[in-house]
Amino acid sequence: MARRPIALVTAAVLFLEAPGIVAFNAVMARFVKAQSMSLDGLRPDAMYAGTWALGLGSGALLLLCGLVPLIAAIRDRRPGRAGRALLIGCAVVHGVLGAVTVGLMGWLAFAAMMLVVGLIVLTLVAYGEPKAAEEGAPAAA
């Protein structure tokens, strides 16, 4: 099975997505600052800093999510419990963002988000069961 290439492609997509989300939030932060936007009385400077913090935090999490399939591909072993939980959370967030994206940006953006969800899920499924279970040994309870 092509587990390693799937995991490597997933890692590459997540690594490419990280600077994209930071750049997107940078543009949004400039809009907030240039127009002195506020939400329910929040200071515009706080909105500007919060937008930057969200972008940097999201980018860092995407890099962390990209490390999980990369390490899985290098070791050719399934990710640990924390790595799987991180990938599942990343897939759920991409699914929700895809649902929002279809209304705001259109079907092409939705398809891109679902492609990322599909790659993450495919990576999780490809590295599903430990090798000991495949060879006929009883799985640990």
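In this predicted model, the buried residues of helix 3 are G83, L87, C90, A91, H94, G98 and T101, and the elements that cover them include helix 1, helix 2 and helix 4. Helix 3 itself has 24 residues, and its first and last C-alpha atoms lie 34 Å apart, close to the 34 Å expected at 1.5 Å a residue. Beyond the end of this helix, G106 follows with a positive phi of about 115°. A82, by contrast with the buried positions listed above, is a residue of helix 3 that is exposed, because its relative accessible area of 62% is over the 50% that marks an exposed residue. Between the C-alpha atoms of A82 and G95, which stand 13 residues apart along the chain, the separation is 20 Å.

Helix 2 can be read in a similar way. It runs over residues 44–75, and its 32 residues should span 46 Å at 1.5 Å a residue, a figure with which the 47 Å between its end C-alpha atoms agrees. Along helix 2 the buried residues are M47, T51, G55, G59, L62, C65, G66, V68, P69, A72 and A73, and these pack against helix 1 (3–35), helix 3 (81–104) and helix 4 (107–126).

Two residues of helix 2 show how the surroundings vary along it. T51, in helix 2, counts as buried because its relative accessibility is 14%, which is under the 20% cut-off; with residues up to four places away in sequence not counted, T51 touches N25, M28, A29 and V32. L63 also lies in helix 2, but at 40% relative accessibility it counts as partly exposed. Once its neighbours within four places in sequence are left aside, L63 is in contact with F15 and A18. L63 and E17 are separated by 46 residues in sequence, while their C-alpha atoms are 8.6 Å apart in space.

Just after helix 2 the backbone reaches D76, which is found in the loop between helix 2 and helix 3. D76 has a positive phi of about 55° although it is not a glycine. As background to that value, most residues other than glycine have a negative phi.

Helix 4 has 20 residues and extends 28 Å from its first C-alpha to its last, close to the 28 Å expected at 1.5 Å a residue. Its buried residues are A109, M113, V116, V117, L119, I120, T123, L124 and A126, and what covers them includes helix 1, helix 2 and helix 3. One of these buried residues, V117, also serves as a reference point for R30: the two are 87 residues apart in sequence, and their C-alpha atoms are 29 Å apart in space. R30 has its place in helix 1 and is exposed, with a relative accessible area of 64%.

The buried faces of the helices can now be brought together. The largest nonpolar core has 11 residues in all, namely L14, A18, L62, C65, V68, L87, C90, A91, V116, I120 and L124. Each of helix 1, helix 2, helix 3 and helix 4 supplies at least two residues of this core. L14 gives a view of the packing from within this core, since the residues that L14 touches, not counting those up to four places away in sequence, are L62, C65, G66, P69, C90, H94, V116 and I120.

The helices also share in the lining of an open space. The largest pocket holds about 760 Å³ of space and is lined by 24 residues, of which E17, I21, H94, L97 and M113 lie nearest its centre. Helix 1, helix 2, helix 3 and helix 4 each contribute at least two residues to this lining, and helix 3 gives the most, with nine residues. By character, the lining of the largest pocket comprises 17 nonpolar residues, six polar residues and one charged residue. Two of the residues nearest the centre also appear in the account of the buried positions, H94 among those of helix 3 and M113 among those of helix 4. H94 is, in addition, one of the residues that L14 touches, and L14 is itself a member of the largest nonpolar core.

Key:
Residues numbered from 1 in each chain as written. Predicted model: local features only at pLDDT ≥ 70, side-chain atom pairs only at ≥ 80, totals over all residues. Heavy atoms only, no water. Helix = DSSP H or I, 4+ residues; strand = E, 2+ residues; numbered from the N terminus. Expected span 1.5 Å × (residues − 1). Buried < 20%, exposed > 50% of the residue type's maximum accessible area, 1.4 Å probe, protein only. Contact = heavy atoms within 4.5 Å. Core = buried A, V, L, I, M, F, W, Y, C linked by side-chain atoms within 4.5 Å. 1 Å grid on protein atoms, 1.4 Å probe; cavity = no way out; pocket = protein on both sides within 12 Å on 5 of 7 lines; lining within 4 Å. Points joined across faces, edges and corners; volume = space filled by probe spheres on them. Nonpolar A, V, L, I, M, F, W, Y, C, P; charged D, E, K, R; others polar.
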